[in-house]
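Q: Please take a close look at one strand and its partners. Then follow the links that lead away from there.

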Amino acid sequence: MKKLTSLILAGLGFMTGCNDKSQSFIRPVFSPEKVEVKSGILTPEILWSFGRIGNVKVSPDHKKILYTVSWPDIEKNSFHTNLFISNLDGSEKQQVVPQFQKPSLLSLSLTWGNKKKVSIETDDKPDFSISDVSWHPDGKKITFISNKYGTYQLFEMLPDGKDVIQITDLPDGIKGYKYAPNLKHLLVLKEVKLDETPAEKYPDLPKVNARIEDDLMYRHWDHWHDYKYSHIFVAPYQQDHLITEATDIMEGEPFDTPLKPFGGMEQISWTPDGQKIAYTCKKLKGKEYAVSTNSDIYLYDLKTQATQNLTEGMPGYDKNPVFSPDGLRMAWESMPRDGYEADKNRLMIKDLESGKVIDYTANLDQDIHSPVWNLMGDALFFISNRHATEDIYRINLPGGDIHKITAGEHNYTSVIPAGGQLIATRMSMSSPTEIYAVNSIDGSAINISMVNQPILNKLTMGKVEKRWITTTDNKKMLTWVIYPPNFDPGKKYPTLLYCQGGPQSSVSQFWSFRWNFQMMAANDYIIVAPNRRGLPGFGREWTEQISGDYGGQNMLDYLSAIDSMAEEPFVDQNKLGAVGASYGGYSVYWLAGNHNKRFKAFISHCGVFNQDMMYTTTEEMFFVNWDLKKPYWEMPDKRYDFSPHLFVDKWDTPILVIHGGKDFRIPYTQGMAAFNAAQLRGIPSRFLFFPEESHWVLSPQNGILWQREFFDWLDHWLKE
């Protein structure tokens, strides 16, 4: 269940995946100044008006930044996105609009010859999208993927949006790209069909609608396997020359790069000389894939066409290769054990000449993420969690001494060296993601994007407080407490225990468009968010305690947090609720049968209700193998005695169950089972089901509905 914490809402203009096809790309910039805020209080509609920053890139000369801002369009139930360029200090910000020119048949003939038949209807696609925006390596152009003329292809344009030129015209389009640093080659991602469909097996049944499965991993996260695999293709590159053919460097291999479902172009890298490509891949299939996390980093040589496994013998996740500027070393993220997705994420560096590998974080009891070399190649920057905040760190080479650069109550989510400073993205419980210029020495930071400031200026946010609460085994647990805006200590407030998912995902300074603590506080609730056992940022012992002990110490940690806060005079002990998603949803189901009448309302989103069924219906089997220790049929005397369904006879509290129809990590029948059990037991209950959503709720109107039902339920049982 522990996965990336952020989805990139790509697309510049029309968002693919939305049913509304009426949008065109060229639109005015959305004005956050026009968002109406009454009495300074956050509402679901305001929450879904915030801009979402993405695609932050620093120009090769380190003078400009390029980024996108996606704005929800509630009425159209979609997003539209604007592209901006500014100086590193945020000044001289300008919107960039690609100025496509409608091609004539003559120009098409001159450009493409006889390699492509073009019809007038495809010349000006009104509902086109633009994504994967970046700088051209020469710094003179901007590059992007668009379906303007049909399939998704690569384009280049000047920074002012003029002179848009199509670069690729490959069959069925592309999904991603990276230019070789020497500009002699271009790599692109393409889907390759390798597996046989039922209609192909039985050609006399061309309209058959069925699947025939002989192995595991037939579906993953939110989609069924489509008989295709994501491969890297390489082609010679010349500016202004259309690429119509490319070579598959993984020809015939039934494997994906990047790793599905969330891997991106960060998992693929050119060597600085442009001669080799490093890519992340888990070269396993079916059951072997489902029970393993053993991904490796492979190096493909353009000249010899040979592929070398650079991380052979390293059994856990190995991914995200980044080469030193001189090309002599490769750094990457690595986990030591196979089958454990929440293992320590280490910073490894390999000397490519000697083959020597060093774990530079062996003495750092923290995970690292997103390592990036500095310009001199004598240091790397990375993100790491310590005590529920994500900060920027620097490691100096060759010695390996590590320094924490930033400090404060926030989460940094990315970092890019830019001359003598850093360009980074940052969020907190009180602010969505913005771009910051960070001093690489003292960590001081300035918000240079200010995208959402006009809305934030109108809002009154609740106080966020850090408390250290003593647990039942006499340890200290960091717990965030978020108070309502205009908090009055003389009043008594209904209070919510927030149960985190993962189970190994930190309750850090994140901003969410669903589990938004300021949104809950704005509805006059106090929120108690403990970093219970199992959450990272407090050492490996604290993180790993939860495996095999789902109904144990971490549940006592939850109760320690809410019991401690219930002693406060401003907390109404008779109006306590518990809410959570994923493992947090499991926690709510478990608490429902073990809370000793503490709570008056529950909300579980995409939670695990029956552990037996979870074991045999989830897709990444390594997760349940590690955290549940073994299959239930190997422990018939004990089974999973912490499964919430075993305690339904003790349920006595109203519960709202939420689930998505495309959630394949925790199938929606888990939510149905919990709701049906509550109904049969006569427990006041409600089932909120989203047929097209997965483990999250991503579309604007569904997101607003989620918020309305969430507070309608809580208000009814905790305020009336």
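A: Two strands pair if DSSP finds at least two bridges between them. Strands (E, at least two residues) and helices (H or I, at least four) are DSSP runs, numbered from the N terminus. The model is predicted, so local features need pLDDT of at least 70 and side-chain atom pairs count only at pLDDT 80 or more, while totals for chains, interfaces and linings use all residues. Residues are numbered from 1 along each chain as its sequence is written, and side-chain values use heavy atoms, with hydrogens and water left out.

The strand to watch is β7, residues 153-157. On one side in the pairing comes β6 (142-146). β6 and β7 run antiparallel, joined by five bridges. One of the partnerships links isoleucine 142 with methionine 157 in β7. The two strands make a hairpin, with six residues between them. Glycine 150 sits in that turn and has a positive phi of about 125°.

β7 has another partner. Strand β8 (residues 165-166) runs antiparallel to β7 and is joined to it by two bridges. Here phenylalanine 155 stands opposite glutamine 166 of β8.

How well is β7 covered? Five of its five residues are buried, that is, under 20% relative accessible area, with over 50% called exposed and anything between partly exposed (1.4 Å probe, protein chains only). In a regular strand the side chains alternate between the two faces of the sheet. In β7, both faces are covered. Gln153, Phe155 and Met157 are buried on one side, and Leu154 and Glu156 on the other.

Now go to the loop between β6 and β7, where tyrosine 149 lies. Tyrosine 149 pairs with phenylalanine 100. Rings of Phe, Tyr and Trp (its six-membered ring) pair if their centres lie within 6.5 Å; planes under 30 degrees apart are stacked, over 60 edge-to-face, the rest tilted. The pair of phenylalanine 100 and tyrosine 149 is edge-to-face: 6.0 Å centre to centre, with 85° between the planes. Both residues are buried. Phenylalanine 100 belongs to the loop between β4 and α2 (105-112), so the pair ties together parts that are 49 residues apart in sequence.

That loop leads back to β4, residues 94-96. β4 belongs to an open antiparallel sheet of four strands, in the order β1-β2-β3-β4. β1 (52-58) and β4 are at the edges with a single partner strand each, so one side of each has no neighbour in the sheet. β1 pairs with β2 (residues 64-73) over five bridges in the antiparallel sense. There, isoleucine 53 has valine 69 of β2 as its bridge partner.

The ring pair is one of 51 aromatic pairs in the whole structure. Another joins tyrosine 668 and phenylalanine 689: their centres are 5.2 Å apart and their planes at 55°, so this pair is tilted. Tyrosine 668 lies in the loop between β37 (655-660) and α12 (669-680), and phenylalanine 689 in strand β38 (residues 685-690), so parts 21 residues apart in sequence are tied together. Both rings are on partly exposed residues: tyrosine 668 has a relative accessible area of 33%, and phenylalanine 689 has 30%.

Some aromatic residues gather in a group. Tyr498, Phe510, Trp515, Phe517, Tyr525, Trp706, Phe710 and Phe711 form one aromatic cluster.
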